[in-house]
Structure formats: structure tokens, C-alpha cells
Amino acid sequence: MTDEVASLPDDVDAVQQALIEWYEADHREFPWRRTDDAYEILVSEVMSQQTQLGRVVDAWHSFLDRWPTVHDLAAADRADVVGFWTDHSLGYNNRAKYLHEAAGQVVSEYDGEFPETPSELSELMGVGPYTANAVASFAFNDGDAVVDTNVKRVLYRAFDVPDDDGEFERVAADLMPDGESRVWNNAIMELGGVACEKTPACDEADCPWREWCHAYETGDFTAPDVPTQPSFEGSRRQFRGRIVSALKDNEELALDTLGPKVRVDYVPDGEYGREWLAGICSDLADDGLVAFDADAGRVRLRR
DNA sequence: ATCCCGTAGT
DNA sequence: ACTACGGGAT
């Protein structure tokens, strides 16, 4: 026997059963947990990647009202999808573009029927390892163990898994009961979301793993390092967001009309003027989010 | 002011 | 391996 699963308790069956029973006894209700439609689940996962779950619920219903099927989304104008995204404060606009592109892939490459394996799902734009396993699990009960920051935190604390992506992936896979990816991945992320958050709530949430948890035993609830990010206020990101938001009603605007909508201190020939704005519009155009005519100095969302 | 967080591009 | 990417919640 190797030391491959040295991090895990001997009675893995009991660990698995405890978590599943805990999850099934009580958990937060989200509408996407009551569907097995791959398109609806993909939309929820892409939204959830960047936005707190409570805020996703309304946006998810609205999105599916507007584009009920993958065919509807594939046929939509990119500008409308990006406009919806910014209108609902969903964050990174690139993801709206990716989701729209992924819908196009499903229609053109799979005749509108979603592929069911993580490896095929990973080929879709904006779908990486996490989302591929989430969709494969929740739509088809056929995913591998998901490894998101919730799962990393749980494994790091409970079983002393080293802060290393390969280690997390290996232990997460060893821990998942065969053929139960749907309930398992829901359950372990729920554990990270309500019991094993940054500030843990072991007793309050009746954590099912207290008897095995190294952190609960030692009182050391350190979590894996999360990279710090540059401040948002005053950042390029902030102004990109404001530009897309100003264009969301599909207007085409001249730079000098757009400028004051983006920053109050806009002066055409000033430090933050036409040249500065054109630079950001040019980046947005490179990202495929806007159509920018630099000579005419006019910009609008890209169809 | 800080937190949240998976993917793509390089 | 590192960085860009949004904006509400707290």
C-alpha cells in the first residue's frame, strides 16, 4: 500500500455517508438545484463563478426567460447578452461573451444537445475544469470531483491536504463516492459554503466531519492563501465596466459623449481624455466586446 | 477598504 | 506562473 491516501481517514465510507446525510437532511434551496437541464445549469454556473449566490437567483430567472434554450441564446446578438450581463451587475463581461459563444458551439457542433463528459464540456468557451465537472455532475451525474476554493478550504482544514492543486484534485477524487457526483459535489460545496467558510461555523452548522476534522481538533482554521488583487476603485476594470454599461442600450456614442458618462473629470484633451478613453475602447474591441472606429471616434457594443 | 473567484491568455 | 477581469456586499 502506498501513502497515496494518507491524508484521508481509514473509514472513508463513513466520511462520505456523513456528508451526504447532512446535505440531504437540510441545505439551501436554489432553483438550479431542481433542474437537470445542462443549459440551465451552465448558465447558473457561469453566473455563480463571479457573483454571490443570492444575487444570481433573479438574474438566472430573467436570463432564462429571455433566452429559454441554448438555441435562443445562440441566435441572440452578443450585444444583447453583454447588455443583459452588465444590466444585472453580473461582473466580468467577457463571461457573457463566452456563454454566448458556448451556446453557438453546442448548436453548431452538437446539434443543440449538450455533450455529457467533462472533457467534451471543457472544449466549450469559458468552461474550465470546475465548470465542466459541475455541469457533468448536476446535469448528468457523470462528473469528476469538483475542486473550487470551497473544496480546497474544506480539504485543507479537515484532512491537512497540502496547498497544491494536484494534491487537492487527487484527494477530492479519492473522497468522492463512485457514481454519485451530483449529490456529492453539491454536498461538499455546501459544506464549504455554510459550515466551513473563511470564518468556520462547525457547531452552528452541525458539521458532519467534526469527528475527523484536523482543524476542529487543533483549533487552527487557517485556510489556503488566496491571491490578493489590486483595488477595484480607480482601476482600468472599473472604467471598462462603466463603458460597457453606458453602451448597454445599444447606442453608438462618440468618445466625447461617452467620456463624461464614464468619469466626471473627463476633459477631451486632458490626462483622462479622448486618448485615454480610446485606449480602453481599443482593449474592449480586442476583447470582442465593443466595435470601435478609432478614426471616427465612435463606439458601441459589438453585435 | 476588503472580500469574493474560475477562466483565458501569455 | 502570473495577471486581467466587475461590482455588490459587508
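# A tour of cavities, DNA strands and domains

Begin with H9 and helix H11 (181-195), each of which supplies at least two residues to the lining of the largest cavity. Keep in mind throughout that this is a predicted model.

**Stop 1: the largest cavity**

With H9 and H11 highlighted, look for an enclosed space of about 100 Å³, the volume of the largest cavity. Its lining counts 13 residues, and the ones to select are Ala-158, Cys-196, Cys-202, Cys-207 and Cys-213, which lie nearest the centre. H9 provides the largest share of this lining, three residues. Colour the lining by residue class and you should find 11 nonpolar residues, two charged ones and no polar ones.

**Stop 2: the second largest pocket**

Stay on H9 and move to an open site. Which helices each supply at least two residues to the lining of the second largest pocket? They are helix H9 (149-159) and helix H10 (165-175). Here too H9 has the largest share, with three residues of the lining.

To see the whole lining, select Thr-149, Lys-152, Arg-153, Asp-163, Asp-165, Phe-168, Lys-198, Ala-223, Pro-224, Asp-225, Val-226 and Pro-227. The space inside this pocket comes to about 320 Å³. By class, its lining splits into six charged residues, five nonpolar and one polar.

**Stop 3: the second largest cavity**

The structure has two cavities of 30 Å³ or more, so now turn to the other one. The second largest cavity holds about 60 Å³ of space. Select Leu-42, Val-46, Gln-49, Arg-95, Tyr-98, Leu-99, Ala-102, Met-125, Gly-126 and Val-127 to show what lines it.

Helix H2 (38-48) and H6 each give at least two residues to this lining, and H6 gives the most, with four. Seven of the lining residues are nonpolar, two are polar and one is charged.

Leave Gln-49, Arg-95, Gly-126 and Val-127 of this lining selected; each of them comes up again at the next stop.

**Stop 4: DNA strand B**

Show DNA strand B and the 17 residues around it, of which Arg-95, Gly-126, Gly-128, Asp-148 and Gln-229 come nearest. Among the polar contacts to display here are three that use the protein backbone:

- Thr-131: a polar backbone atom is 3.0 Å from a phosphate oxygen of DNA strand B.
- Val-127: a polar backbone atom sits 3.3 Å from a phosphate oxygen of the strand.
- Gln-49: a backbone N or O atom is 3.4 Å from a sugar or linking oxygen of the strand.

Next, colour the helices. Helix H6 (93-110) and helix H8 (129-140) each contribute at least two residues to the surface near DNA strand B, with H8 supplying the largest share, three residues. On the DNA side, sugar or phosphate makes up 69% of the strand B atoms within 4 Å of the protein, and bases make up the rest. On the protein side, the surface comprises seven nonpolar, seven polar and three charged residues.

**Stop 5: DNA strand C**

Now switch to DNA strand C. Which of the 14 residues around DNA strand C come nearest? Select Gln-50, Tyr-92, Asn-93, Phe-232 and Arg-237. Of the strand C atoms that come within 4 Å of the protein, 55% belong to sugar and phosphate.

Three side chains deserve a distance label:

- Gln-52: a polar side-chain atom lies 3.1 Å from a base nitrogen of DNA strand C.
- Ser-89: a polar side-chain atom is 3.3 Å from a phosphate oxygen of the strand.
- Thr-86: an N or O atom in the side chain is 3.4 Å from a phosphate oxygen of the strand.

H6 and helix H13 (236-246) are the elements giving two or more residues to this surface, and H13 gives the most, with three. Nine of the residues near DNA strand C are polar, three are charged and two are nonpolar.

**Stop 6: the two domains**

Finally, zoom out and colour chain A by its domain assignment: domain 1 covers 9-227 and domain 2 covers 236-301. Their contact takes 11 residues from domain 1 and 11 from domain 2. Place a marker at the C-alpha centre of each domain and the two will be 35 Å apart. H13, the helix (236-246) from the previous stop, is a good place to leave your selection as you explore further.

Note on methods:
Residues are numbered from 1 along each chain as its sequence is written. Chains are lettered from A and ligands numbered from 1 in the order in which they are written. This is a predicted model: local features need pLDDT of at least 70, side-chain atom pairs count only at pLDDT 80 or more; totals for chains, interfaces and linings use all residues. Side-chain values use heavy atoms; hydrogens and water are left out. On a 1 Å grid over the protein atoms alone, a cavity is a set of points where a 1.4 Å probe fits but cannot get out, and a pocket is an open set with protein on both sides within 12 Å along at least five of seven lines; lining residues have an atom within 4 Å of a point. Grid points are joined across faces, edges and corners, and a volume is the space filled by probe spheres set on the points. Ala, Val, Leu, Ile, Met, Phe, Trp, Tyr, Cys and Pro count as nonpolar, Asp, Glu, Lys and Arg as charged, and the others, Gly among them, as polar. A residue is near a molecule or strand if one of its heavy atoms lies within 4 Å of it. A polar contact is a pair of N or O atoms within 3.5 Å; within protein, one must be able to donate a hydrogen and the other to accept it, and residues adjacent in sequence count only if both atoms are side-chain atoms. Domain bounds come from an automatic or database domain assignment. Contact means heavy atoms within 4.5 Å.
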